[in-house]
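Me: Please take a close look at a single part of this model, the region around the small sheet and what lies next to it in your account. I would like one connected description, with the cut-offs behind each term.

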Amino acid sequence: MSKQTPQDEAKIVAGRRVIEAYLKDGMQIGLGSGTTSYAFVRVLGEKVREGLRVEGVTTSTITRDIAREVGVPLLDINDVTQLDLTIDGADEIDRAGRMIKGGGACLLWEKIVAYTSKRMIAIVDETKMVDPIGAFPLPIEVIPYGWRNTMHQLATLLATFDYDAPRLELRGGSSDPVVTDSAHYIIDCHLDAIPRADELAPLFNQIPGVVENGLFVDICDEIVIGHFDGSSEIIRIRD
Ligand code: 5RP
């Protein structure tokens, strides 16, 4: 097995802190996607084997497979109307909880599951904390039909926010595009910085062809940060 890096350790530290701070018997929780969430689901599996009673709704087929492997009981999203909590990672997050998500191409299911949760807890290692967000390319999930046209409409919207010919790329390239769990494509927008994320976020979804965007604003309630020195920290954004 490959050696754990300090970053891997920080993800596990954050996962253990989430379990201590938030999880209670009987909770129904959203399980995020990405390496930080997978580390969390594995720690959660240990706790379930020790007797913790929780049920999860997963945000990707990968998370579903890991949760099954480690014995976390699962629910179908169609059978719930509200979850107690969602625990999910971020590609970038600022101290007000604005996030870029979708690096793992799971943003649509992640947003659906977060939306159906009373509280959303972002779980990150310290490298994910930035200000402003935007160095990580912003993923936009689009339907395959007319994706080049949708990309053009995205560039037109971004021009109104003073992005001058930003680099927009179909993830995987046109000969082998990445296909999401919902059979969509991802367009990555290289913007460098997104200081007006609150204004921009709702506008993407007005473009026909866009299914969802990777800006998660006004969604995160608390951030749990795992540090490389083995400590952890909680930032409470709203009660
Ligand atoms: C997947 C996501 C992930 O939460 C995000 O990419 C973070 O992943 P990681 O924990 O591997 O850095 O949004 O769509």
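Reply: Strands β4 and β5 (residues 99-100) run antiparallel and are joined by two bridges, where strands (E, at least two residues) and helices (H or I, at least four residues) are DSSP runs numbered from the N terminus, and two strands pair if DSSP finds at least two bridges between them. The model is a predicted one, in which local features need pLDDT of at least 70 and side-chain atom pairs count only at pLDDT 80 or more, while totals for chains, interfaces and linings use all residues. Residues are numbered from 1 along each chain as its sequence is written, and side-chain values use heavy atoms, with hydrogens and water left out.

Within this pairing, I93 has M99 of β5 as its bridge partner. The two strands belong to an open, antiparallel sheet of three strands in the order β4-β5-β11. Its edges are formed by β4 (92-93) and β11 (215-216), each of which pairs on one side only.

I133 is a residue that touches this sheet, although it is itself placed in the loop between β6 and β7 (138-142). Setting aside neighbours within four places in sequence, the contacts of I133 (heavy atoms within 4.5 Å) include E92, I93, M99, I100 and L215, and among the others are A193, I194 and A197. I133 counts as buried because its relative accessible area is 1%, the classes being buried under 20%, exposed over 50% and partly exposed in between, with a 1.4 Å probe and protein chains only. From C-alpha to C-alpha, I133 is 15 Å from G89, with their positions 44 residues apart in sequence. The loop between β6 and β7 also holds P132, and a cis peptide bond joins D131 to P132, with omega of about -5°.

Two residues in other loops have a positive phi without being glycine. A105, in the loop between β5 and α4, has a phi of about 65°, and A105 counts as buried because its relative accessibility is 12%. D192, in the loop between β9 (185-190) and α6 (197-204), has a phi near 75°, whereas D192 counts as exposed because its relative accessibility is 64%.

A separate set of parallel pairings involves strand β3 (residues 83-88), which is mostly covered, five of its six residues being buried. On one pairing, strand β1 (residues 28-31) runs parallel to β3 and is joined to it by three bridges, with L85 of β3 as the bridge partner of I29. On another, β3 pairs with strand β6 (residues 117-125) in the parallel sense over five bridges, and L83 has S117 of β6 as its bridge partner.

The loop between β1 and α2 contains S33, which is buried, since its relative accessible area is 7%. The side chains of S33 and T59 are joined by a polar contact of 2.7 Å, that is, a pair of N or O atoms within 3.5 Å, where within protein one must be able to donate a hydrogen and the other to accept it, and residues adjacent in sequence count only if both atoms are side-chain atoms. Not counting residues up to four places away in sequence, S33 also touches D88, G89, C106 and E110, among others.

G89 leads on to the ligand, since a polar backbone atom of G89 lies 3.4 Å from a ligand oxygen atom. An N or O atom in the side chain of T36 is 2.5 Å from an oxygen atom of the ligand, and an N or O atom in the side chain of K128 is likewise 2.5 Å from a ligand oxygen. Taken alone, the ligand exposes 380 Å², of which the protein buries 91%, these accessible areas coming from the Shrake-Rupley method with a 1.4 Å probe, and for residues only the protein chains shown count as cover.

The ligand is surrounded by 17 residues, and the closest are T35, T36, D91, G102 and K128, a residue being near a molecule or strand if one of its heavy atoms lies within 4 Å of it. Helices α2 (35-49) and α4 (107-115) each contribute at least two residues to this shell. By class, the shell divides into four nonpolar, eight polar and five charged residues, where Ala, Val, Leu, Ile, Met, Phe, Trp, Tyr, Cys and Pro count as nonpolar, Asp, Glu, Lys and Arg as charged, and the others, Gly among them, as polar.
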